[in-house]
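Here is a short briefing on selected residues and helix pairs. Please keep the structure in view while reading.

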Amino acid sequence: MTPLQQLDLSGLHVLDGGMATELERKGFDLAGPLWSAHVLESSPEAIASVHREYLEAGADCLLTASYQVSAEGFQEIGFDPQEAAKAAANALRASVALAEKVRGEYGSLRRIWIAASLGPYGAMLHNGAEYHGNYDCSFNDLVGFHGRRIAVLAPTNADFLAFESIPSLEEAKAILAALQPYPDVAAYLSFTCRDGTHVSHGETLRACAELLDTQPQVIGIGVNCTAPELIGSLISELAKVTSKPIIVYPNSGEQWDAVHRCWQGDGQIQAFGELAGRWRSAGAQWIGGCCRTGAEHVRAVARVWRG
């Protein structure tokens with residue numbers, strides 16, 4: 001991983017969009033416990049194709065298809081603990097190698113970063129817990145969950161870690177504890193939020209940002225997989241307490257129905273681009289899309305930065 005001291009993030013403005021969304025559009029069934037990680041083994045070229053589409057749309061950063069990868073997930077599909085740990089490690093490394101391959105083949109004049117994506121503990125439960133953060137586990141369980149995946153990714157050629165959809169202050173603290181043995185590893189943390197001031201579990205986003213602002217390994221603080229109409233207020237909350245890059249990549253504006261496990265509504269690409277312009281003016285430095293966004297959403301964001 002690029003050492004923290006050597007990480008020059010100048011020029012990073014446009015994140016990519018949803019990986020699972022694009023794979024589903026290509027016909028893949030991601031209903032299992034591993035979501036997109038199933039495709040890493042069965043059809044890696046499909047993931048590579050999504051990465052390429054996002055680079056062509058103007059993304060400066062590829063998030064790896066590793067958000068849902070964990071040993072616990074592999075155990076759920078029948079692996080014994082030792083096999084599950086090995087399978088998870090292989091999948092994490094493969095996700096980075098795949099993004100590296102695409103970056104190398106793309107040959108862009110602009111700098112392209114690779115962020116190793118890591119979802120929260122709640123995503124591993126695949127019951128929507130990343131949108132409330134009410135976990136039945138200890139703080140040490142959270143540290144161990146994140147620490148095992150950091151240990152695998154630290155020696156890879158990803159540029160930094162992306163901890164996504166974090167619902168609570170406690171999980172942010174656990175991630176910081178898990179990062180401590182790896183002082184050269186850089187990471188950003190991005191939260192899901194319930195309204196314009198609070199993360200999903202109920203703590204204020206400002207309190208989370210105040211904690212992270214003092215941490216040298218944290219290279220950015222943000223919000224993802226949250227309704228677009230809340231982002232302006234959340235940027236304002238972050239800007240009050242941090243000088244680190246503010247990161248926003250909301251969902252498309254569609255609403256997740258956790259009961260029926262489906263998205264409802266319609267995400268308007270033109271409106272998304274107009275909002276991205278407002279988010280930039282409000283202080284966001286890295287902008288992209290999360291669930292239900294695709295290459296056209298990223299292209300709209302890229303126009304905000306490059307005209």
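## Two strand residues and two helix pairs

Ser 117 lies in strand E2, which spans residues 113–118. The model is a predicted one. Cys 61 belongs to strand E1, residues 61–63. Two helix pairs follow: H3 with H5, and H7 with H8.

**Ser 117 in strand E2**

- The relative accessible area of Ser 117 is 2%, so this residue is buried; the cut-off for buried is under 20%.
- The side chain of Ser 117 makes a polar contact of 2.3 Å with the side chain of Glu 164.
- Glu 164 also appears among the residues that Ser 117 touches beyond four places in sequence.
- The others in that set are Leu 63, Thr 64, Ser 66, Tyr 67 and Ala 162.

**Cys 61 in strand E1**

- Cys 61 has 0% relative accessibility and therefore counts as buried.
- Val 14 is 47 residues from Cys 61 in sequence, yet their C-alpha atoms are 6.8 Å apart.
- Val 14 is also one of the contacts of Cys 61 outside its neighbours within four places in sequence.
- Leu 12, Leu 15 and Asp 16 are in contact with Cys 61 as well.
- Trp 113, Ala 115 and Phe 160 complete that list.

**Helix H3 against helix H5**

- H3 covers residues 44–57 and H5 covers residues 81–106.
- Their axes come within 9 Å and cross at roughly 45°.
- H3 and H5 are therefore oblique to each other.
- The crossing of H3 past H5 is right-handed.
- H3 contributes Pro 44, Ile 47, Ala 48, His 51, Arg 52, Leu 55 and Glu 56 to the contact.
- H5 contributes Leu 98, Ala 99, Val 102, Arg 103, Glu 105 and Tyr 106.
- The contact of H3 with H5 holds eight nonpolar, one polar and four charged residues.

**Helix H7 against helix H8**

- H7 runs over residues 139–153 and H8 over residues 169–179.
- They pack at an angle of about 50°, and their axes are 8 Å apart.
- H7 is therefore oblique to H8.
- H7 passes H8 in a crossing that is right-handed.
- On H7, the contact residues are Phe 139, Leu 142, Val 143, His 146, Gly 147 and Ile 150.
- On H8, they are Glu 170, Glu 171, Lys 173, Ala 174, Ile 175, Ala 177, Ala 178 and Leu 179.
- By class, the contact of H7 with H8 has nine nonpolar, two polar and three charged residues.

Note on methods. Residues numbered from 1 in each chain as written. Predicted model: local features only at pLDDT ≥ 70, side-chain atom pairs only at ≥ 80, totals over all residues. Heavy atoms only, no water. Helix = DSSP H or I, 4+ residues; strand = E, 2+ residues; numbered from the N terminus. Buried < 20%, exposed > 50% of the residue type's maximum accessible area, 1.4 Å probe, protein only. Polar contact = N/O pair within 3.5 Å; in protein donor to acceptor, adjacent residues only side chain to side chain. Contact = heavy atoms within 4.5 Å. Axes fitted to C-alpha atoms, helices over the stretch in contact; angles between N-to-C directions. Parallel < 35°, antiparallel > 145°, perpendicular 65-115°, else oblique. Left-handed = near helix turned anticlockwise from the far one by under 90°. Nonpolar A, V, L, I, M, F, W, Y, C, P; charged D, E, K, R; others polar.
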